[in-house]
Amino acid sequence: MDQPVRIAATVNVAYGDHPARRLDVFAPEAGEQVPAVLCFAGGRWEHDGRLAMRPLALSLAEHGFPAAAVGVRTLAQAGGGTNLLRDAVAACRAALDEASILGAHHRVVHLLGSGTGSLTALVVARELLATGTIGVRSVICCGPLPTSRPWPGCEPVLAERLDAFAGDDPTARDPLSADPAGFPPVCSIRSQASTCLPEATLTAFHEALRAADQLERIRVLDGLPHRFAETPHDPASAPAIEQVLAWLRAPDHD
C-alpha cells in the first residue's frame with residue numbers, strides 16, 4: 001500500500017496590504033526540486049480566487065508538484081486590469097520565494113489558470129518572460145480564454161469585464177494580438193460541451209503557437225464540470241487533472 005505523501009504548507013501568506021493579496025503554498029516533503037505550479041482561479045475576476053484554487057494546489061502537491069493557490073484583488077477592487085496584473089506579478093514573485101523555501105525550484109514556475117484565470121496566466125507569463133525575472137516553464141489553460149477581446153455573441157457581463165481587463169489598449173493584453181514567440185509552451189484543456197468561446201478563437205490561438213514553433217497540447221474532454229480545475233476531487237474532473245499531471249511530468253517542454 002502506498003504511503004501517504006507528507007505535505008509542507010505555508011498558508012495565508014501576505015504579499016500586500018489588501019486582504020485578497022494572499023497565497024497558500026503546498027509542497028511534498030523531501031520532494032524533487034521541480035518548478036512550482038501557480039494557480040489562478042476563474043470566475044470572471046469577480047472573487048478572491050485563493051480559496052477556490054486551494055484544493056487543486058494541495059492535490060498537485062500530493063502528486064509531487066509544489067503548488068500555490070494565488071489570491072489577487074477582484075477586477076472591481078483593483079480598479080481594472082492594470083492593477084490586477086500587478087497583483088498577479090507580485091504574487092508570482094512571492095509564491096516563488098515561498099515555494100523555494102519548501103523545496104521547489106528557485107527560478108522557474110508553471111502558471112495554471114482556470115477560465116478567465118487562464119487569460120491572467122497567459123498575459124503574466126509573457127510579462128515575466130519579457131522581463132527575465134522569473135522563468136515560466138509553461139502555461140496550463142483549464143477552460144482556456146486566450147483573448148481579451150469580446151467576440152460576437154459574448155455575454156454582456158463578460159464583455160464588460162474583458163474590456164475592463166484590457167484597459168485603454170486592447171491589443172496589449174490580448175494573447176491573439178501578441179507575438180506567439182513570446183509565450184512558453186501551452187497546455188490547453190477544455191470540455192467538449194463548452195460553448196462559451198467560439199471554436200475559431202481557440203483554433204487561431206493554437207495555430208499561432210504552432211506557426212511560432214511553440215510547443216502546445218490541446219485536450220478536448222467530454223463530461224467535465226464547469227471550472228473543473230477548481231473541483232479536482234470531483235470524479236468527473238479526474239480526466240482533466242490526469243492531463244495536467246501528465247503535462248507536468250513530460251520532459252518535452254523543458
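This talk walks through the sheet, the helices that pack on it, the empty spaces and two unusual backbone positions in one structure.

Before I begin, please keep in mind that what we are looking at is a predicted model.

Let me start with the sheet. It is open and built from eight strands, which follow one another in the order β1-β2-β4-β3-β5-β6-β7-β8, with mixed pairing. The edge positions belong to β1, residues 7–14, and to β8, and because each of these has a single partner strand, one side of each is left without a neighbour in the sheet. If we ignore direction, neighbouring strands in this sheet are turned against each other by 15° on average.

At the β1 end, the partner is β2, which covers residues 22–28, and the two strands run antiparallel and are joined by six bridges. To find this pairing on the screen, you can look for V13, whose bridge partner in β2 is L23.

Moving towards the other end, β6 and β7 pair in the parallel sense over four bridges, and within that pairing C142 has I189 of β7 as its bridge partner. β7 is then joined to β8 by six bridges, again with the strands running parallel, and here R190 is partnered by V220 in β8.

How many of the residues of β7 are buried? Six of the six are, so this strand is largely enclosed by the rest of the structure. In a regular strand, side chains alternate between the two faces of the sheet. In β7, V186, S188 and R190 point one way while C187, I189 and S191 point the other way, and all of them are buried.

Now to the helices. α1 packs on the sheet, where it touches β1, β2, β3, β4 (67–70) and β5 (108–114), and its direction makes about 15° with that of β2. Helix α4, residues 116–131, lies across β3, β5, β6 and β7, and runs at about 155° to β5.

The same helix α4 leads us to the empty spaces, since it gives the most to the lining of the second largest pocket, with five residues. That pocket has a volume of about 210 Å³, and of the 15 residues that line it, L85, V123, E127, A172 and R173 lie nearest its centre. Both α3 (81–101) and α4 supply at least two lining residues each, and the lining as a whole divides into nine nonpolar residues, one polar and five charged.

As for enclosed space, a search of the whole structure finds one cavity of 30 Å³ or more, and the largest cavity holds about 110 Å³ of space. It is lined by 14 residues, and those closest to its centre are A41, W45, H47, G49 and V72. Here the lining is made up of six nonpolar, seven polar and one charged residue.

Finally, two backbone positions that you may wish to look at in the viewer. Where does R44 sit? Its place is in the loop between β3 (36–40) and α1 (50–62), and its phi is near 60°, a positive value in a residue other than glycine. R44 counts as partly exposed because its relative accessibility is 25%.

The other position is D213, in the loop between α6 (199–211) and β8 (216–221), which also has a positive phi, of about 65°, although it is not a glycine. With a relative accessible area of 70%, D213 is exposed.

How values were computed: Residues are numbered from 1 along each chain as its sequence is written. This is a predicted model: local features need pLDDT of at least 70, side-chain atom pairs count only at pLDDT 80 or more; totals for chains, interfaces and linings use all residues. Side-chain values use heavy atoms; hydrogens and water are left out. Buried means under 20% relative accessible area, exposed over 50%, partly exposed in between (1.4 Å probe, protein chains only). On a 1 Å grid over the protein atoms alone, a cavity is a set of points where a 1.4 Å probe fits but cannot get out, and a pocket is an open set with protein on both sides within 12 Å along at least five of seven lines; lining residues have an atom within 4 Å of a point. Grid points are joined across faces, edges and corners, and a volume is the space filled by probe spheres set on the points. Ala, Val, Leu, Ile, Met, Phe, Trp, Tyr, Cys and Pro count as nonpolar, Asp, Glu, Lys and Arg as charged, and the others, Gly among them, as polar. Two strands pair if DSSP finds at least two bridges between them. Axes are lines fitted to C-alpha atoms, for helices over the stretch in contact, and angles run from 0 to 180 degrees between N-to-C directions. Contact means heavy atoms within 4.5 Å.
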